[in-house]
Amino acid sequence: MSPHKIPNEQWAQVIEDGNNKVEYKKIPVQKPGPDEVLVNIKFTGVCHTDLHALNGDWPLDRKLPLIGGHEGAGVVVARGDLVKDIEIGDHAGVKWLNGSCLACDFCQQADEPLCAKALLSGYTVDGTFQQYCIAKAAHVARIPKDVPLDAISPVLCAGITVYKGLKESGARPGETVAIVGAGGGLGSLAQQYAKAMGLKVIAIDTGADKKKACLEQLGADHFVDFMQSKDVVADVKKATPDGLGPHAVLLVAVNEKPFQQAAEYVRPRGTVVCIGLPSGAYLRAPVFDSVVKMVTIKGSYVGNRKDSAEAIEFFRRGLINAPFKVVGMSELQSVYDKMQQGEIVGRYVLDTSK
Ligand code: 8ID
Ligand code: ZN
Ligand code: ZN
């Protein structure tokens, strides 16, 4: 195999300043540092986090100018001198967690998303909406060669995050999980991972397209339309055989309301897992009910390297099949417009060659 020729220039989608727009343009290709790899990104999913970054939604400073993107799947084309355990030509994924210190309390316990020195792809360092992206070798996901790079890209954030969230929920096979925001990127993968983990699913979202995808394609047992329902709390409880509510709730919606509702329909002893990050939102739960029902409410943030490898392995085994649509990277702005309107069923994946 002839070595990959790395060009000096490449296409990228760049946020220049705080004007909430991306600009498709040519920029220089960077060289990896001693502990880094350069990945030729082939496909990269568009996560709602990228839209939050574009809009400056969060109380966390982003780099500017910034290249977004953190679901990048591609081929390693260069590596620094210290990198020994990943080869040129290997398939790799650039995730939200671009790097971490590997030495702090959290890193030592494989809680690297909690590392205070974590580098975040597409937020504090440039991400995957470019043809050549740099990441710390220790943190890139190893992707087996028999896994297609377009379909795996949404797994690199959405898949890992919901798989971790399901584990954090403590729900056991045969139990029921409610997935709030089920028709979106994280929600569609959450349904597939939940099924693969032996859980029953109540999908909560809105619209005929999302309802159809959830019930016919993604394996939901029930669908509750939060716009049509007159009483979401009652309808979610009704969707469990004994009417006591789901054992766990995964909140992946970009809306404050369900974060203030979930504790009311979760089952006694149940767990509410907060994953979605709507701007400026607060959690709310009735103290009396939360106490006498012994409810757990917790946050869950991406996953560590092991969660990532496991989530990819579920996919490789053929257990994960969620809808995604491939468009050229030049069309990113129109993907953001659709996402803002809540029109996307599943994920959009960008082909970096177009
Ligand atoms: O590590 C983490 N915690 C993590 C990782 C990755 C992403 C967190 N996130 C966050 C993102 O930043 C974003 O805030 O998860 C959220 C969901 O990301 P996404 O799945 O990429 O977004 P999407 O594809 O736009 O899907 C959102 C869905 O929520 C539905 C929408 O209809 C859409 O299908 N939704 C909304 I908005 N309000 C709802 C409601 N009240 C709702 N569904 C049910 N009830
Ligand atoms: Zn993401
Ligand atoms: Zn650390």
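The paragraphs below lead through a zinc site, a pocket and one strand residue of this structure, which is a predicted model.

A good place to begin is the zinc ion (ligand 2), whose protein donors are Cys47 through its SG atom, His70 through NE2 and Cys157 through SG, lying 2.0 to 2.3 Å from the ion. Along the chain these donors follow the spacing C-x22-H-x86-C. The two cysteines belong to distant parts of the chain, since Cys47 sits in the loop between S3 and helix H1 (48–55), while Cys157 sits in the loop between helix H3 (149–152) and helix H4 (158–169), 110 residues apart. Cys47 counts as buried because its relative accessibility is 4%, and Cys157 is likewise buried, with a relative accessible area of 7%.

From the metal we can turn to the second largest pocket, which has a volume of about 310 Å³. It is lined by 19 residues, of which Gln30, Lys63, Ile67, Asp126 and Gln130 are the closest to its centre. Strands S2 (23–28), S3 (36–45), S4 (66–67) and S9 (132–136) are the elements that each give two or more residues to this lining, and S9 gives the most, with three. Sorted by class, the lining holds twelve nonpolar, three polar and four charged residues.

The last stop is Asn98, which lies in strand S7 (residues 97–99). Because its relative accessible area is 4%, Asn98 is buried. If we leave aside its neighbours within four places in sequence, Asn98 is in contact with Leu119, Leu120, Ser121, Val125, Ile134, Ala135, Lys136 and His139.

Note on methods
Residues numbered from 1 in each chain as written. Chains lettered and ligands numbered in written order. Predicted model: local features only at pLDDT ≥ 70, side-chain atom pairs only at ≥ 80, totals over all residues. Heavy atoms only, no water. Helix = DSSP H or I, 4+ residues; strand = E, 2+ residues; numbered from the N terminus. Buried < 20%, exposed > 50% of the residue type's maximum accessible area, 1.4 Å probe, protein only. Contact = heavy atoms within 4.5 Å. 1 Å grid on protein atoms, 1.4 Å probe; cavity = no way out; pocket = protein on both sides within 12 Å on 5 of 7 lines; lining within 4 Å. Points joined across faces, edges and corners; volume = space filled by probe spheres on them. Nonpolar A, V, L, I, M, F, W, Y, C, P; charged D, E, K, R; others polar. Donors = N, O, S within 2.8 Å, 3.2 Å for Na, K, Ca; no water.
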